[in-house]
Amino acid sequence: MNRPPAKSGSTGQMIESAIEKALDPLTSALKRATQPSAAKPASPGKPGLMISPLAVPFPTIPPIGGVEIATARAGFYKHERDDLVVFHFPEGASCAGVFTRHKVGSAPVDWCKRQLEADKGRGEGVKALVVNAGCANAFTGKAGADAARRTASETAKRFDCRQRDVMLASTGVIGVVLDAKKITARLPDIEAGLKADVHPTQQWAQAGLGIMTTDTFPKGSFAECEIEGVKVRIAGIAKGSGMIAPDMATMLAFIVTDADIAPPVLKALLNLHVRTTFNSVTVDGDTSTNDTALLFATGASGAPRIGRVGDRRLKDFSAALDKVMLDLAHQLVRDGEGATKFVRITVDGAASPASARKLAKSIADSPLVKTAIAGEDANWGRIVMAVGKTEEAVDRDRLAIHFGPHVAAVDGAPSPTYDEAQMSAYMKNAEIDITVHVGSGRASATVWTCDLTKRYIEINGDYRS
């Protein structure tokens with residue numbers, strides 16, 4: 001989502017300045033670092049990581065009624081940083097989630113799915129979300145499941161609610177059992193943080209920082225709309241930098257609205273927008289064990305309750321939610337490990353939407369295509385390769401490839417107007433558009449990705465060190 005800068009001397013600029021001063025030093029440094037002219041310091045996600053050159057500033061987020069947020073250091077990392085985030089919904093919230101279809105799902109994913117999907121009516125009255133970074137608690141067997149349950153149980157005691165009203169999410173190293181005591185020992189600090197007088201933008205930014213692993217900047221988004229004349233707000237954060245080729249959502253994404261929407265409707269909205277947002281981005285073609293997207297509705301806005309999926313009053317809300325989800329999904333790509341190029345790949349003229357999507361994903365996931373983009377080389381032959389290997393319906397003699405406004409190939413052959421100098425100049429841009437027409441139908445799909453650089457290997461080669 002585009003965020004135009006405030007005009008000089010405007011109220012917006014003064015508010016932004018006030019928020020900047022209110023943010024803690026770490027968040028403020030990150031906010032300044034994401035401005036184009038700033039130097040790129042190390043990321044708090046992991047020391048030594050530099051802020052992505054494609055980073056965007058964290059947005060200004062006004063109060064979202066019905067949610068409190070606090071962070072703490074539980075000690076899952078050796079270096080000094082917050083790695084525990086808690087969302088508290090004092091009056092309860094509706095909740096819906098979508099989760100990884102990975103065959104080795106994590107204990108927190110199993111917990112949330114069981115609470116939200118086991119019985120009709122669940123997803124009402126959720127009181128808390130507990131998120132930790134640094135330990136995925138995935139592939140940990142019964143010990144990991146017990147750790148998740150203990151975390152939910154102790155949190156429920158703190159907030160005087162049922163275990164099933166606590167959602168969980170984890171991210172980090174796979175194969176390490178979560179030390180639940182590290183989380184429960186910090187719950188008193190979390191409670192104090194929930195009561196602290198902190199600007200909402202700071203709360204959301206600190207939460208964005210707290211869930212980072214190899215991310216280099218916190219990812220947030222915000223939108224407003226109206227339901228029957230009542231203003232409602234939507235805010236969200238996400239994390240993800242590597243192991244991003246979601247098969248439902250993203251590594252982790254948490255979105256809160258003050259609208260009053262029933263869980264089945266929230267679920268339908270998530271399912272509707274996931275396909276063209278989180279499921280349409282890829283960094284490295286790898287799907288995580290922990291992919292989780294949770295959407296909460298507190299009802300604090302005073303807008304009328306929406307309890308039916310087909311309710312026409314959802315139109316503007318649905319569009320605003322889609323913007324937030326797409327914005328967060330784009331930020332995942334912008335923070336792809338080692339990324340220097342933000343790439344949009346559109347396939348049109350396909351036999352079906354599913355075929356167009358598969359073709360676009362094949363191009364976006366191809367290491368040969370991605371390394372060519374990293375080298376600023378418009379090697380369209382590699383795109384031909386990625387298209388042809390899918391076994392989808394393609395008319396070779398109608399195939400056309402564009403890089404931005406420049407034609408590389410047309411009617412199944414090199415373009416007679418191909419200009420190497422123009423193409424090379426275009427490939428130096430930080431944002432690249434590639435369009436491929438396959439000539440077999442009328443369907444289209446768009447996937448967003450990034451380039452593949454040596455830094456990706458360096459980051460993942462020493463991930464556990």
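**Salt bridges in a predicted model**

Asp260 is partly exposed, with a relative accessible area of 22%. The classes work like this: buried means under 20% relative accessible area, exposed means over 50%, and partly exposed lies in between (1.4 Å probe, protein chains only).

This is a predicted model: local features need pLDDT of at least 70, and side-chain atom pairs count only at pLDDT 80 or more, while totals for chains, interfaces and linings use all residues. Residues are numbered from 1 along each chain as its sequence is written, and side-chain values use heavy atoms, with hydrogens and water left out.

**Exercise 1.** Find the salt-bridge partner of Asp260 and place both residues in the fold.

*Solution.*
- Apply the rule: a side-chain nitrogen of Lys or Arg must lie within 4 Å of a carboxyl oxygen of Asp or Glu.
- The partner is Arg305, with the closest N and O atoms 2.7 Å apart.
- Asp260 sits in the loop between strand E7 (252-257) and helix H8 (263-274), and Arg305 in the loop between strand E8 (292-297) and H9, so the pair ties together parts 45 residues apart in sequence.
- Helices (H or I, at least four residues) and strands (E, at least two) are DSSP runs, numbered from the N terminus.
- Arg305 is partly exposed, at 40% relative accessible area.

**Exercise 2.** Is Glu191 buried or exposed? Describe its salt bridge with Arg158.

*Solution.*
- Glu191 is buried, because its relative accessible area is 18%.
- Arg158 counts as partly exposed, at 39% relative accessibility.
- The side chains of Arg158 and Glu191 meet in a salt bridge of 2.7 Å, N to O.
- Arg158 belongs to helix H4 (residues 141-159) and Glu191 to helix H6 (residues 187-195), so the bridge ties together parts 33 residues apart in sequence.

**Exercise 3.** Which residues are linked in a network of salt bridges with Lys219?

*Solution.*
- Start with one pair: Lys219 and Asp335 form a salt bridge, with the closest N and O atoms 2.7 Å apart.
- Lys219 is in strand E5 (residues 219-227), and Asp335 is in the loop between helix H9 (315-334) and strand E9 (342-350), 116 residues apart.
- Both Lys219 and Asp335 are buried.
- Now extend the network: Asp215, Lys219, Lys239 and Asp335 are linked.

**Exercise 4.** How many salt bridges, helices and strands are there?

*Solution.*
- The count comes to 23 salt bridges.
- The protein has 14 helices and 14 strands.
- For context, buried residues make up 54% of the 465 residues.
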